[in-house]
Structures are given as structure tokens and as C-alpha cells.
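User: Please take a close look at a single part of this model and describe it in one connected answer. I would like to know what holds that part in its place and what surrounds it, with every cut-off spelled out.

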Amino acid sequence: MPGGLGLGMSKQPFLSDIQALRARARQHVEQGAVTAGYKADRDVVVKLLNEALATEIVCVLRYRRHHFMAAGIHAEPVAAEFLQHANEEQAHADLIAQRIVQLGGEPNFSPEGLLMRSHAEYVEGETLIDMIREDLVAERIAIDSYREMIGYLRSDDPTTGRMLEGILAMEEEHADDLKSLLEHLGT
Ligand SMILES: [Fe+2]
Ligand SMILES: [Fe+2]
């Protein structure tokens with residue numbers, strides 16, 4: 001039984017013995033938020049989060065490029081949508097970096113190998129339609145990879161799981177926005 005749980009009695013079916021819990025919390029205090037009850041493989045989670053971080057950074061860069069290029073071809077509402085998405089991807093990147101540090105890891109912001117770590121691609125796109133379509137493809141990649149990560153984490157790291165669920169919901173909104181833009185533009 002993990003962590004010396006349970007006294008073999010049904011009176012305490014769920015919570016650890018409080019003394020044992022306190023003693024465990026005192027050991028390894030340097031690990032901060034990561035306690036003995038943390039069930040996931042931390043190295044794997046940090047690696048997955050760094051891939052998600054790279055994905056978000058690539059999405060920030062691609063959306064910003066699209067924002068300025070769309071503005072150049074006088075597609076102001078679309079340009080505004082790209083900027084909003086870019087800023088939201090940046091917020092996701094920040095949340096993920098913060099969680100990596102909480103888990104005792106280091107967020108990888110290195111431009112070297114960024115595209116290799118990212119799930120999504122950086123496609124510039126020739127026309128406005130190309131840009132929107134490429135962004136939609138990237139969102140769909142992000143949606144699938146976040147869904148997979150959430151499935152992997154499940155009960156082992158519910159905090160990271162919840163954070164990713166929030167991000168996933170926003171990626172789904174982004175994909176929906178882009179689909180509407182494509183429909184609006186008659187494609
Ligand atoms: Fe994102
Ligand atoms: Fe997104």
C-alpha cells in the first residue's frame with residue numbers, strides 16, 4: 001500500500017493517518033509542492049510540459065506573424081483575431097512554465113530545437129485563407145496532444161491535468177473561431 005496508508009480498518013478508508021501525513025510533508029521540504037503523494041513520473045511530466053511550452057511559443061510566433069501580415073492586406077478583424085490568439089497562447093506558455101518550475105523542473109525557452117520540441121508547425125502562409133487554415137491545423141494538433149496528455153496524467157497529477165483542461169478548452173475555442181472565419185470568408 002503506498003505511503004503507509006490505512007491501518008487495516010475501515011474507519012479511515014481514504015485519508016492517510018495524520019501523523020504519517022505530517023511526517024511525510026516534513027521530509028524533503030526542499031521539493032516544495034511535490035510531496036510523496038505525487039504519483040506521476042515527474043521527469044516525464046516535465047518533458048511533456050516542455051513540449052507543450054514549445055508548442056505554445058511556436059503558436060505565439062506564428063499568430064504574431066499572421067497578425068502583422070493580415071494587417072498589411074487590410075483584413076483588420078482577422079488581424080485582430082490573430083493578435084488575440086497570440087496573446088492567449090502566450091498566457092498558456094506562462095502557465096505551463098510556472099507549473100514546470102513548481103514541479104522542480106526548468107522551462108526550456110531555448111530557440112535551439114524549438115521547432116523540434118513543438119507539436120505544431122510554423123507555417124507562414126501566402127494568403128489570408130492559408131494563414132487561417134494553418135492556424136486551424138495547429139490548433140487541432142494542440143487539441144489532440146493536450147487531450148492525450150490529460151488522459152496520461154489522469155489521477156496521478158490532477159493539478160497539471162486541470163491546468164491543461166483549461167488550456168484545451170481555449171484551444172477548442174480558437175479552432176472554432178478559425179472555422180467561423182473560414183466560413184465567413186466563403187471557403
Ligand atoms: Fe495555447
Ligand atoms: Fe490556440
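Analyst: The iron ion (ligand 2) is coordinated by Glu 89 (OE), by Glu 139 (OE), which appears twice among the donors, by Glu 171 (OE) and by His 174 (ND1), at 2.0 to 2.3 Å. Donors here are N, O and S atoms within 2.8 Å of the metal (3.2 Å for Na, K and Ca), and since water is not among the atoms, sites may look incomplete. Along the chain, the donor residues of the iron ion (ligand 2) follow the spacing E-x49-E-x31-E-x2-H. Glu 89 lies in helix α3 and His 174 in helix α6, so the pair ties together parts that are 85 residues apart in sequence. Helices (H or I, at least four residues) and strands (E, at least two) are DSSP runs, numbered from the N terminus. Both Glu 89 and His 174 are buried, where buried means under 20% relative accessible area, exposed over 50%, and partly exposed in between (1.4 Å probe, protein chains only).

This is a predicted model, in which local features need pLDDT of at least 70 and side-chain atom pairs count only at pLDDT 80 or more, while totals for chains, interfaces and linings use all residues. Residues are numbered from 1 along each chain as its sequence is written, chains are lettered from A and ligands numbered from 1 in the order in which they are written, and side-chain values use heavy atoms, with hydrogens and water left out.

The second metal belongs to the picture as well. The iron ion (ligand 1) has as its protein donors Glu 56 (OE), listed twice, together with Glu 89 (OE), His 92 (ND1) and Glu 171 (OE), lying 2.0 to 2.4 Å from it. Their spacing in sequence reads E-x32-E-x2-H-x78-E. A distance of 4.0 Å separates the iron ion (ligand 1) from the iron ion (ligand 2), and Glu 89 coordinates both. Glu 89 comes from helix α3 (residues 76-102) and Glu 171 from helix α6 (residues 158-184), so this pair ties together parts that are 82 residues apart in sequence. Like Glu 89, Glu 171 is buried.

Helix α6, which holds Glu 171 and His 174, deserves a closer description. It has 27 residues and reaches 39 Å from its first C-alpha to its last, close to the 39 Å expected at 1.5 Å a residue; the expected span is 1.5 Å times one less than the number of residues. Among the buried residues of α6 are Thr 160, Gly 161, Met 163, Leu 164, Ile 167 and Leu 168, as well as the donors Glu 171 and His 174. The buried residues of α6 pack against α2, α3 and α5. Thr 160 lies in α6 and, at 0% relative accessibility, counts as buried. Leaving aside its neighbours within four places in sequence, Thr 160 is in contact (heavy atoms within 4.5 Å) with Val 45, Leu 49, Arg 99, Leu 103 and Leu 153. Just after α6, Gly 186 takes a positive phi of about 75°.

Charged side chains add further links around this helix. The structure holds 7 salt bridges, each defined as a side-chain nitrogen of Lys or Arg within 4 Å of a carboxyl oxygen of Asp or Glu. One of them joins Asp 157 to Arg 99, with the closest N and O atoms 3.1 Å apart. Asp 157 lies in the loop between α5 (128-153) and α6, and Arg 99 in helix α3, so the pair ties together parts that are 58 residues apart in sequence. Both Asp 157 and Arg 99 are buried.

Arg 147 and Glu 172 also meet in a salt bridge, at 3.3 Å from N to O. Arg 147 lies in helix α5 and Glu 172 in helix α6, so they tie together parts that are 25 residues apart in sequence. Here both partners are partly exposed, Arg 147 with a relative accessible area of 44% and Glu 172 at 35%. Within α6, Glu 183 forms a salt bridge with Lys 179 at 3.4 Å, N to O; the two are 4 residues apart, which separates them by about one helical turn. Lys 179 is partly exposed, with a relative accessible area of 43%. Finally, salt bridges that share partners join Asp 144, Arg 147 and Glu 172 into one network.
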